[in-house]
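Please open the model in a viewer and keep the sequence panel visible. The tour below proceeds by selection, with a note on what each selection contains.

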Amino acid sequence: MSGIKKPIGFKEGHSVFNEKITSWVNEDNEIRQPVYGVFNGGGPKGAAFAGSIKVVEKEVRWQGVSGTSAGAITAALIAAGYDGNSIVNISKSLDFNSLLDRFDLNEVREAAQQWTSGPDVDWLTWLLLQTAPALLKPDNQSALERRLRDKLLSHETGMKSKDITKDVDDFIFNAGSTAYSAMKSTSTFLRSLVGWEPREFALSDKVALVSALTLGSDEAKQAALLELLEMVFGSHLPPAMVDTLMSEDEHGRKVDPDKAFSVLLGLYYKGGAYKGDTIRCHIEDFLQQALRREADYDLSKPVTFKELLIPLKVIAADLSNQRLLSFPEDLLNYGYDDQDENSPNYYKNFSVAEAVRASMSIPLLFEPVYLADLSASKDKENPEAFVTLVDGGLMNNFPVSQFSQDNQDLPIFGFWLGPNPDLVPSVSTDRVSGYLTGLIGALMSAHDKDAMDKARDQLLLVEIPLDIDLTSTEIEALKQQTLAEQTRCQSQLGDINKALDQFTANKSIISDDAELVKFIEQKEAGFSRVKADLDDQLSELAIILGKIADKSHMTRKTETLDFSLTDDQKEQLIMNGEEAARKALKGSFNPSP
């Protein structure tokens, strides 16, 4: 693809985060090797892409780009003309915490209204209606209902609505107990899939929790919310998510009930804890700064695929039809037009920011995107049919196949966050938890690995390490978690040793029964294996605590939900990306076109 001109925004010197944007489109583009770029997903880990782009673009000319989730954001910026330096500035300056934009509590209450009546009320909604009906109602509706109830009760009985009988008391408590038990069982199973440790509660704690949630004072409900959040999310709730639940007053920092309920109800009734509007607006802003004159800047008229410099392919997962969706081409399968370029339903007139927002809809974190299905709508101008789109990483996290089947046989630069998937250790599937992990991994990764194998002759893989230094706050948190785990292991080890002593005593009693002796020895062998595992765990925990005490240099892997990355950690990721790109370019890549 030749003759690409520098977009108007770069010529006019537009700025993003107080720095002028710069473009990869230059006079010497034509003498560089044309390549495709493919970027996988990874949430905030995607900051590392910026460093790799900065290095690679000195040797290549972008012919087309494709990405999933965080990779889709990066690919869209390249397709709009941004170079590595500008993407580095965006990565460093963008406040990842701000991307977690909670719903207003009344907004999710409004969404809940469609589920609160009729024959198909689900179990959780029914329980909430029994235990805390006001929780599901917007403020104005709750106030009107209270006034109506007060008037009717006063007229009929002389009672006030706050006069609750013991029978009602008991009913609410029992319904709350049922809700607690069901949520705990479900959340424990879900946490087991991702390796979270379930939080165990004593019976007295359970009684107190349910009482506080259903009948307690505002202060008791606030404390119970903390317990409930630990139960639902486990002990590994990302710090950035915790921050969105907190408020601060003269008494210090504490969970804000309205914020906590907005997140919980958003998860259930909106499909995600956060709206995702902030990141969509940022992307739209970046695109318009690059591609439009200042006089034409209008967030209500989004940048379309037709305006981009080079082809962009954005991957999302269509849950409604269980299929992969590659924007913009696959819009034709949903009734969009490929003939009339002036039609609002022309497939390339679709919003780039909306497509990227769909691609990065991490399930349960961000609300899904609902795409109008024009093929199933009688009126295309006012469509009534929609499909649900979420993070493309569920089906294709590394969309190399988008370019490997073209006829140009160009090199494909694949930017991969983390180690080469072929080098990742296999999953042990001899237990149910490992089996389920392997099953989910196979469903999510099989397509990517197969596509990489087929594109091997074209593909140059840039494997970006995700190691970053721990902050002082993270080190202190690690210390507390390690000490707690050490205490738990030591307690279990004490129980195991008592059991082994008991086995020894029992063997002397039953020494005349060979079958029972064999049975006891089998039990003893099993407990001995557990003891060996606990000894190993305690040794590893002691090493961690020793490193913390010695103030040794400690690192960790960046995670998909690391929205609270510090500036230094972002800088490390960018440097990791630069080094990975240099290493890849030293391989077999020939920069000559």
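**A turn after strand 4**

Begin with S69, which is located in the loop between strand 4 and helix 3 (70-79). The model is a predicted one. S69 is not a glycine, yet its phi is positive, at about 55°. With 4% relative accessibility, S69 counts as buried.

**Strands 3 and 4**

Step back from S69 to strand 4 (residues 60-68) and add strand 3 to the selection: the two pair in the parallel sense over 7 bridges. To find one of these bridges, select Q33, whose partner in strand 4 is V60. Is strand 3 enclosed or open? Of its 7 residues, 7 are buried, so strand 3 is largely enclosed by the rest of the structure. Showing the side chains separates two faces: Q33, V35, G37 and F39 point one way, while P34, Y36 and V38 point the other way.

**Aromatic pairs**

Keep Y36 selected and add F403. Their rings are stacked, 4.2 Å centre to centre with 5° between the planes. The pair links distant parts of the chain, as Y36 belongs to strand 3 (residues 33-39) and F403 to helix 15 (residues 401-404), 367 residues apart. Both residues are buried.

Next, from the opposite face of strand 3, take F39. Ring pairs link F39 with F49, W62, F413 and F415 into a cluster. Across the whole structure, the search finds 14 aromatic pairs.

Another of these pairs is F17 with F286, which is edge-to-face: 6.0 Å centre to centre, 65° between the planes. F17 lies in the loop between strand 1 (15-16) and strand 2 (19-20), and F286 in helix 13 (residues 277-291), so the contact ties together parts that are 269 residues apart in sequence. Colouring by accessibility sets the partners apart: F17 is partly exposed at 31%, whereas F286 is buried at 2%.

Within the loop that holds F17, select N18, which also lies between strand 1 and strand 2. N18 has a positive phi, near 65°, in a residue other than glycine. At 80% relative accessibility, N18 counts as exposed.

For a charge placed over a ring, display K570 and F96: K570 lies over the face of F96, at 4.2 Å from the ring centre.

**The nonpolar cores**

Now select W62, Y82, L312 and F327, the residues with the most contacts inside the largest nonpolar core, which has 92 residues. Which helix gives this core its largest share? Helix 2 (residues 47-56) does, with 7 residues. Domain 1 (36-95 + 277-314 + 347-363 + 390-469 + 559-592) and domain 2 (105-260) both give residues to the core, so it lies between them. A separate core of 13 residues lies apart from it, with Y36, I412, W416 and A455 among its members.

Centre the view on F327. Beyond its neighbours within four places in sequence, F327 is in contact with F305, L312, K313, V314, A316, F350, A355, A358 and L389. A cis peptide bond, with omega about -5°, joins F327 to P328. P328 itself is in the loop between strand 9 (323-327) and helix 14 (352-359).

**The whole chain**

Finally, zoom out to the full protein chain, which has 19 helices and 16 strands. Of its 593 residues, 45% count as buried. Among contacts with a separation of 6 or more, 75% are between residues 24 or more positions apart.

Technical notes. Residues numbered from 1 in each chain as written. Predicted model: local features only at pLDDT ≥ 70, side-chain atom pairs only at ≥ 80, totals over all residues. Heavy atoms only, no water. Core = buried A, V, L, I, M, F, W, Y, C linked by side-chain atoms within 4.5 Å. Buried < 20%, exposed > 50% of the residue type's maximum accessible area, 1.4 Å probe, protein only. Helix = DSSP H or I, 4+ residues; strand = E, 2+ residues; numbered from the N terminus. Domains from an automatic or database assignment. Contact = heavy atoms within 4.5 Å. Phe/Tyr/Trp six-rings, centres within 6.5 Å; stacked < 30°, edge-to-face > 60°. Lys NZ or Arg CZ within 6 Å of the ring centre and 35° of its normal. Pairing = 2+ DSSP bridges.
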